[in-house]
Amino acid sequence: MPLEPLLPLFHRLDREHFEARLGALADPPLSLRWSDGRMTRTAGLYRRGPGLCEIVLSRPLLVPLPREALLSTLCHEMIHAWVDRVLRVRESHGPGFRACLERINAAQQGFCVSVRHRYPLPQRPAAWLARCPGCGTAVPCRRRRAGLACRACCERHNGGVWDARFTLRFEPSPEGTVG
Ligand SMILES: [Zn+2]
Ligand SMILES: [Zn+2]
């Protein structure tokens, strides 16, 4: 999946909600990047150290989600930068952060910034569909297992006892092609 370039989004949010002051920061400037594939504990982070000030956005968590999640996470981290570098207040999600968050949420409808932003790691789509030859019901599953039969059909037609007529047949799931 292609990664959306972050800088145009950053500059737009900066103009609209931060008086374009985040893009103008120097010594060090605020930089912005996508994480590698391992950043899964948080959707985004802001950090500053000697000679470093950056926003990192989680590639594995955010890329599969709707764009609104990316905007909301980017904006969340930009508020941290605003509080730290413009207001020059030491806090994480304190009053300065919350005031800015509420101002931005009131000013637009495109996304909603929240104080917490943890997103679940995307589930790998099931590779197989297990289909009952009796009722036709198909259930997604990760791996094939021999001898499973459709419970509903066994109960309806065979007194709840396993019945070979309703042994599930596995077919590749259309969603299961993982690139
Ligand atoms: Zn935060
Ligand atoms: Zn069935």
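In this predicted model, helix α3 passes helix α4 in a right-handed crossing. The two helices, α3 at residues 67-86 and α4 at residues 95-107, pack at an angle of about 135 degrees. Their axes lie 10 Å apart. That angle makes α3 oblique to α4, because it falls outside the 65 to 115 degrees counted as roughly perpendicular and is not over 145. On the α3 side, the contact is made by Cys 75, Ile 79, Trp 82 and Val 83. Helix α4 contributes Gly 96, Phe 97, Cys 100, Leu 101 and Ile 104. By class, the contact of α3 with α4 holds eight nonpolar residues and one polar residue. No charged residue takes part in it.

Helix α3 also packs against α1. The angle between α1 and α3 is about 60 degrees, and their axes are 11 Å apart. Here too the arrangement is oblique, and the crossing is right-handed. From α1, the contact draws on Leu 6, Leu 9, Phe 10 and Leu 13. From α3, it draws on Leu 71, Leu 74, Cys 75 and Met 78. The contact of α1 with α3 consists of eight nonpolar residues, with no polar and no charged ones. Cys 75 of α3 thus appears in the contact with α4 and in the contact with α1.

These helices belong to a chain with five helices and six strands. From the N terminus on, the order of elements is α-β-β-β-α-α-α-β-β-α-β. The radius of gyration of the chain is 24 Å, whereas the globule rule gives 16 Å for 179 residues. The value is well over the rule, so the chain is more spread out than a compact globule. Along the principal axes, the C-alpha atoms fill a box of roughly 75 × 30 × 25 Å. Of the 179 residues, 22% count as buried. Among contacts with a separation of 6 or more, 50% come from residues 24 or more positions apart.

The loop between α1 (6-17) and β1 (31-34) holds Pro 28. A cis peptide bond joins Asp 27 to Pro 28, with omega at about -10 degrees. Glu 19 lies in the loop between α1 and β1, as does Ala 20. Glu 19 has a positive phi of about 55 degrees, although it is not a glycine. Phi of Ala 20 is near 60 degrees, again a positive value in a residue other than glycine. Most residues other than glycine have a negative phi, and most peptide bonds are trans. Glu 19 is exposed, with 11 other C-beta atoms within 10 Å. Ala 20 likewise counts as exposed, because it has 11 C-beta neighbours inside 10 Å and the limit for this class is 12 or fewer.

Arg 142 is located in another loop, between β5 (138-141) and α5 (151-158). It has 13 C-beta neighbours inside 10 Å and therefore counts as partly exposed. Leaving aside neighbours within four places in sequence, Arg 142 is in contact with Ala 126 and Ala 127. Arg 142 and Arg 41 are 101 residues apart in sequence. In space, their C-alpha atoms are 24 Å apart.

How values were computed. Residues are numbered from 1 along each chain as its sequence is written. Chains are lettered from A and ligands numbered from 1 in the order in which they are written. This is a predicted model: local features need pLDDT of at least 70, side-chain atom pairs count only at pLDDT 80 or more; totals for chains, interfaces and linings use all residues. Axes are lines fitted to C-alpha atoms, for helices over the stretch in contact, and angles run from 0 to 180 degrees between N-to-C directions. Helices (H or I, at least four residues) and strands (E, at least two) are DSSP runs, numbered from the N terminus. Angles under 35 degrees count as roughly parallel, over 145 as roughly antiparallel, 65 to 115 as roughly perpendicular and the rest as oblique. A crossing is left-handed if the near helix is turned anticlockwise from the far one by less than a right angle, and right-handed if clockwise. Two residues are in contact if their C-beta atoms, placed from the backbone, lie within 7 Å. Ala, Val, Leu, Ile, Met, Phe, Trp, Tyr, Cys and Pro count as nonpolar, Asp, Glu, Lys and Arg as charged, and the others, Gly among them, as polar. The radius of gyration is taken over C-alpha atoms; the globule rule is 2.2 Å times the number of residues to the power 0.38. A residue is buried if 20 or more other C-beta atoms lie within 10 Å of its own, exposed if 12 or fewer, and partly exposed in between; C-beta atoms are placed from the backbone.
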